[in-house]
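What follows is a guided reading of one protein model, taken space by space and then along the backbone. Please keep the sequence and the coordinates at hand while you read.

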Amino acid sequence: MEEKVLDVKNLSIDFHTSRGCVKAVDRVSFDVKRGEVFALVGESGCGKSTTAMGIMQLIRSPGIISGGEVVFGGRDLLKLSREEMTGVRGRDIGMIFQNPLDSLNPVYTIGAQMTEGLLVEKMDKKQAWQVARDMLRDVKISDVEQRMKSFPHEISGGMRQRVMIGMMLCRNPKLLIADEPTTALDVTIQAGIIELMNELRRKFNSAVLIITHDFGIVADIADRVGVMYAGNLIETADVMTIFDRPRHPYTRLLMKALPTITKDEGRLETIKGTVPNLAEERPGCNFADRCPYAMQKCREQKPEWKECEPGHFCACFLEEGGTARE
Ligand SMILES: Nc1ncnc2c1ncn2[C@@H]1O[C@H](COP(=O)(O)OP(=O)(O)O)[C@@H](O)[C@H]1O
Ligand code: SF4
Ligand SMILES: [Mg+2]
């Protein structure tokens, strides 16, 4: 069996706010295997970033991880001490955010920041510089010598994201988490970053968890997909299956919201309504208010997570009656 690098089991994360307890992540389970790209997809506010922050144990007050396990390398990360977790974050799991300026230090050169982690690993300065330079070439940065001496604000957004990816890969992490890594970039630069990530995962064979609201990116890079809605994972399958026969009504609607490249109008069909207030307890399916197929029982009970065909899971009452209708 393929090695599970990350195994998230029933992860729950709550935010205790003045409006009540927001269940931002509610019993979410999925795994990411070695050499695999798993995409978490869903509209804004569905709990994707909170899931990633939970895996990294970066949830801060008023948020708490209220349940579940995050098994990584055979250990439950939720049970590690703060020091142990800092080690895991620096060495074993790399994270790339939407805006690399949030993670790059403005007062140090690219070279200094890229070699910092390597020097900690007891590499000598010359060797670390060489590794960093090679990595910048791997992430397709031209004029490497000059770039090593540049400060983050002196390079473009696309280049900064490449530097971030290179910096993470220098440490050869077992898992790379990329949260909307291309959202802040223009479309052609986005395509270049996705192509780069594809190339690098083949070369380094790391496990990648990519978070996006864009099914176009899912099609370009993912092997498997998990769709999130209002704090719940509602469907997972391999990428071909998700595009070929999506089961959950939300997944279907989200895919229709993709711009159609073949048609001139290329307009987005948006999903009516908004994500429900997560501070309110709902007895039924979280999607019931927006779902074109909602039945009485959808408002009364939570649909169970079921395997509708091998490797394809979905939480929807329509599954009980066979296939979901279009
Ligand atoms: N610091 C916070 N305080 C209160 N609620 C929060 C906080 N951070 C996130 N949330 C809640 O978690 C939900 C999920 O947010 P997030 O994980 O950022 O969604 P996504 O990444 O899918 O856009 C939000 O809708 C919000 O209600
Ligand atoms: S359980 Fe009911 S409301 Fe929820 S997605 Fe399925 S049909 Fe729609
Ligand atoms: Mg987010």
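The model is a predicted one, and a convenient place to enter it is the second largest pocket, whose volume is about 520 Å³. Its lining is made up of 22 residues, and those nearest the centre of the pocket are Arg-89, Gly-90, Glu-116, Met-168 and Arg-171. Several elements contribute to this wall, since helices α2 (82–91), α3 (110–120) and α6 (157–170), together with strand β6 (93–96), each provide at least two of the lining residues. In chemical terms the lining of the second largest pocket is mixed, with 10 nonpolar, 7 polar and 5 charged residues.

Strand β6 deserves a further look, for it contains Ile-93. This isoleucine is buried, its relative accessible area being 1%, and its C-alpha atom lies 5.2 Å from that of Pro-173, although the two residues are 80 positions apart along the chain.

From the open pocket we can turn to the enclosed spaces, of which the structure holds 2 with a volume of 30 Å³ or more. The largest cavity encloses about 80 Å³, and of the 13 residues that line this cavity, Cys-285, Cys-291, Cys-298, Cys-316 and Phe-317 are closest to its centre. The lining of the largest cavity comprises 12 nonpolar residues and 1 polar residue, with no charged residue at all. It is in this largest cavity that ligand 2 sits, and the shell around ligand 2 likewise consists of 13 residues, the closest being Cys-285, Cys-291, Cys-298, Cys-316 and Phe-317.

With several cysteines listed around one ligand, a biochemist may well ask how many disulfides a search of the whole structure finds. The search finds 0, and Cys-314 illustrates the point, because its closest cysteine sulfur, that of Cys-316, is 5.4 Å away and thus too far for a bond, when a disulfide calls for two sulfur atoms within 2.5 Å. Cys-314 is also buried, at 0% relative accessibility, and Cys-298 is buried as well, with a relative accessible area of 8%.

The second largest cavity has a volume of about 40 Å³, and the residues lining it are Ile-165, Leu-169, Leu-176, Met-197, Leu-200, Arg-201, Ser-206 and Val-208. Two helices, α6 and α7 (187–204), each give two or more residues to this lining, and α7 has the largest share, with 3 residues. By class, the lining of the second largest cavity divides into 6 nonpolar residues, 1 polar and 1 charged. Helix α6 therefore takes part in two of the spaces described here, as at least two of its residues also belong to the lining of the second largest pocket.

Finally, a few features of the backbone are worth locating in the loops. Ser-61 and Pro-62 are joined by a cis peptide bond, with omega about 10°, and Pro-62 falls in the loop between α1 (48–55) and β4 (63–72). Two residues other than glycine have a positive phi, namely Lys-140, at about 65°, and Glu-180, near 45°. Lys-140 is part of the loop between α4 (125–138) and α5 (144–148), where it is partly exposed at 44% relative accessibility. Glu-180, in the loop between β7 (175–179) and α7, is by contrast buried, with a relative accessible area of 11%.

Definitions and conventions
Residues are numbered from 1 along each chain as its sequence is written. Chains are lettered from A and ligands numbered from 1 in the order in which they are written. This is a predicted model: local features need pLDDT of at least 70, side-chain atom pairs count only at pLDDT 80 or more; totals for chains, interfaces and linings use all residues. Side-chain values use heavy atoms; hydrogens and water are left out. A residue is near a molecule or strand if one of its heavy atoms lies within 4 Å of it. On a 1 Å grid over the protein atoms alone, a cavity is a set of points where a 1.4 Å probe fits but cannot get out, and a pocket is an open set with protein on both sides within 12 Å along at least five of seven lines; lining residues have an atom within 4 Å of a point. A molecule sits in a cavity or pocket if more than half of its atoms lie within 2 Å of its grid points. Grid points are joined across faces, edges and corners, and a volume is the space filled by probe spheres set on the points. Helices (H or I, at least four residues) and strands (E, at least two) are DSSP runs, numbered from the N terminus. Ala, Val, Leu, Ile, Met, Phe, Trp, Tyr, Cys and Pro count as nonpolar, Asp, Glu, Lys and Arg as charged, and the others, Gly among them, as polar. Buried means under 20% relative accessible area, exposed over 50%, partly exposed in between (1.4 Å probe, protein chains only).
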